[in-house]
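Welcome, and please open the structure in your viewer. We will walk through it stop by stop, selecting a few residues at a time.

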Amino acid sequence: MQHTGARFVQEISTSKPQGIRLGASWIASESPEVQAEFLSSLTKEEARALPYLFEFWALEHQLPPEGDWRTWLVMGGRGAGKTRAGAEWVRSLVEGPGPNDPGKARRIGLVGETFDQAREVMIFGESGILAVCPPGRRPEWIAGRKMLVWPNGATAQVLSAHDPDALRGLQFDGLWADELAKWRKAGEAWDMLQFGLRLGDDPRACVTTTPRNAKVLTNLLERDSTVVTHAPTSANRANLASGFLEEVQRRYAGTRLGRQELDGVLLADVEGALWTSAGLEACRAAKPSEMSRIVVAVDPSAAAGGVGDACGIVVVGAVTEGPPQDWRAYVLEDATVNGASPLEWAKAAIAAWDRHGADRLVAEVNQGGAMVETIVRQVDPLVPFRAVHAARGKAARAEPVAALYEQGRVFHAAPLGELEDQMCQMTRLGFTGSGSPDRVDALVWALYDLMIEPASTWRQPRLRVL
């Protein structure tokens with residue numbers, strides 16, 4: 001079927017489930033013949049216009065949700081296309097039907113952490129406003145006024161969040177705030193900007209940010225007037241440099257930092273937590289070529305005899321040469337299984353024991369008693385097994401282990417994102433997350449067996465006097 005470009009856009013808008021928003025992905029999935037037919041059917045004007053029809057090319061998270069909202073929050077990993085989403089949203093506000101026709105907004109605020117960052121990313125960046133606007137509608141940069149001026153008279157003022165008081169007195173009918181979660185004075189700056197967002201019939205804001213545990217961001221997420229779109233870095237792989245995604249995933253996938261910077265997940269550090277994100281990032285290291293001992297620690301599910309929520313299984317090795325203050329431990333794997341029966345988690349624990357050539361399997365038996373060892377020995381009758389009993393609460397047991405981390409004696413030698421999430425929710429008063437901290441419990445038992453208990457009985461060898 002022959003199309004013109006305009007007819008094609010109209011057809012997919014009415015015939016496809018999500019209309020024009022599936023345009024690029026729809027044509028990309030067609031045969032080369034259909035693609036060639038579509039491209040050859042375009043007039044020269046349509047072909048020139050197509051690259052600037054953002055709704056045709058955009059990913060789902062780059063398009064504002066419909067409905068009544070005050071703030072559109074675009075959260076995503078590095079390179080997920082957040083800047084492009086913000087720039088195109090500004091363009092959709094200021095452009096009218098023709099180059100000189102008014103759009104929905106006339107005065108826009110463009111705010112970055114500093115003026116230089118706002119200018120270089122939001123204005124002149126590869127995905128900034130000047131790059132996404134068609135030649136006939138491209139605004140002029142007035143450097144002396146720190147302002148963009150469109151052919152139709154719309155303006156965008158470039159601002160810095162560094163000095164919130166300098167934002168007083170400004171007025172907008174549209175606002176784009178970039179990387180809000182990393183602004184040093186985010187709360188004060190955002191408040192001042194809200195007072196200025198008061199022009200027009202429907203003033204709105206777009207916030208593009210990599211998530212961080214910032215109060216301004218968590219407050220924004222709690223508001224009914226906020227809508228959110230989200231995507232990981234990998235969603236925009238087609239527009240990223242070759243090798244970039246492979247390299248960053250190799251280095252950070254599965255880590256707490258990777259979940260924030262690549263997956264775009266908001267990770268909260270609980271006040272009073274025994275571990276923090278920054279502390280865990282500082283303890284990453286490759287495992288040594290040789291270790292004195294390796295143990296697999298198991299925290300069985302509380303649903304004894306049936307299928308529970310999770311069974312914590314963590315593998316830890318240690319170098320214990322010399323005095324205890326010189327000992328170092330390395331967390332090698334989180335092999336936790338979810339929704340597993342007792343026999344299934346026992347098989348998973350033995351598999352981890354085999355995989356790492358471990359010296360011992362340690363399991364808490366408070367929930368299952370002797371049955372825990374019986375189940376393990378059904379899988380491997382000869383596995384070196386030690387049963388441990390919890391006489392104190394989880395938080396009390398975890399504190400000495402957290403102290404080892406503070407002393408720089410425990411390292412993470414593998415991606416451990418879900419374990420680290422639980423660690424950052426463990427406080428001296430207990431676990432603040434949902435469910436039970438199965439992974440943390442297993443980690444604690446492993447480090448008790450490898451480091452804490454042996455250190456309590458270690459004695460400095462005495463020199464013999466001849």
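Leaving aside its neighbours within four places in sequence, which residues is W275 in contact with? Select W275 and look around: its partners are L280, A398, V401, A402, Y405, M423, C424, M426 and V440, where contact means heavy atoms within 4.5 Å.

Before moving on, a word about what you are viewing. This is a predicted model, in which local features need pLDDT of at least 70 and side-chain atom pairs count only at pLDDT 80 or more, while totals for chains, interfaces and linings use all residues. Residues are numbered from 1 along each chain as its sequence is written, and side-chain values use heavy atoms, with hydrogens and water left out.

**Stop 1: the cores**

W275 belongs to the largest nonpolar core, which has 36 residues. A nonpolar core is a set of buried Ala, Val, Leu, Ile, Met, Phe, Trp, Tyr and Cys residues joined through side-chain atoms within 4.5 Å. Buried means under 20% relative accessible area, exposed means over 50%, and partly exposed lies in between (1.4 Å probe, protein chains only). Add V316, V331, Y405, L443 and L447 to your selection; together with W275, they have the most contacts inside this core.

Now colour the elements that give two or more residues to the core: β9 (293-299), β10 (310-319), β11 (328-334), α16 (394-406), α17 (417-423) and α18 (438-457). Helices (H or I, at least four residues) and strands (E, at least two) are DSSP runs, numbered from the N terminus. Helix α18 gives the largest share of the core, 10 residues. A second, separate core has 29 residues, including A105, L110, F115 and A154.

**Stop 2: helix α7**

Stay with F115 and select helix α7 (residues 115-123), whose buried residues are F115, A118, M122 and I123. They sit on the same side of α7, because they cover an arc of only 80 degrees around the axis; the arc is that of the directions from the helix axis to the C-beta atoms. Among the elements that cover these buried residues are β2 (107-112), α8 (129-132) and β5 (155-160).

**Stop 3: helix α6**

Next, select residues 82-94, which make up helix α6. Is this helix largely enclosed or largely open? It is largely enclosed by the rest of the structure, since 11 of its 13 residues are buried. The buried ones include W89, V90 and L93, and also charged-pair candidates to look at next, such as E88 and R91.

**Stop 4: salt bridges**

Side chains of opposite charge can pair when their charged atoms come close. A search of the whole structure finds 25 salt bridges, each a side-chain nitrogen of Lys or Arg within 4 Å of a carboxyl oxygen of Asp or Glu.

Begin in α6 with E88 and R84, whose closest N and O atoms are 2.9 Å apart. The two lie 4 residues apart, about one turn of the helix. E88 counts as buried at 5% relative accessibility, whereas R84 is partly exposed at 25%.

Then jump to R284 and E420, another salt bridge with its closest N and O atoms 2.9 Å apart. R284 lies in the loop between α13 (277-281) and β9, and E420 in helix α17, so the pair ties together parts that are 136 residues apart in sequence. E420 is buried, at 0% relative accessibility.

For a last selection, show R84, E88, R91, E95 and R137: salt bridges that share partners join them into one network.

How values were computed:
The expected span of a helix is 1.5 Å times one less than its number of residues.
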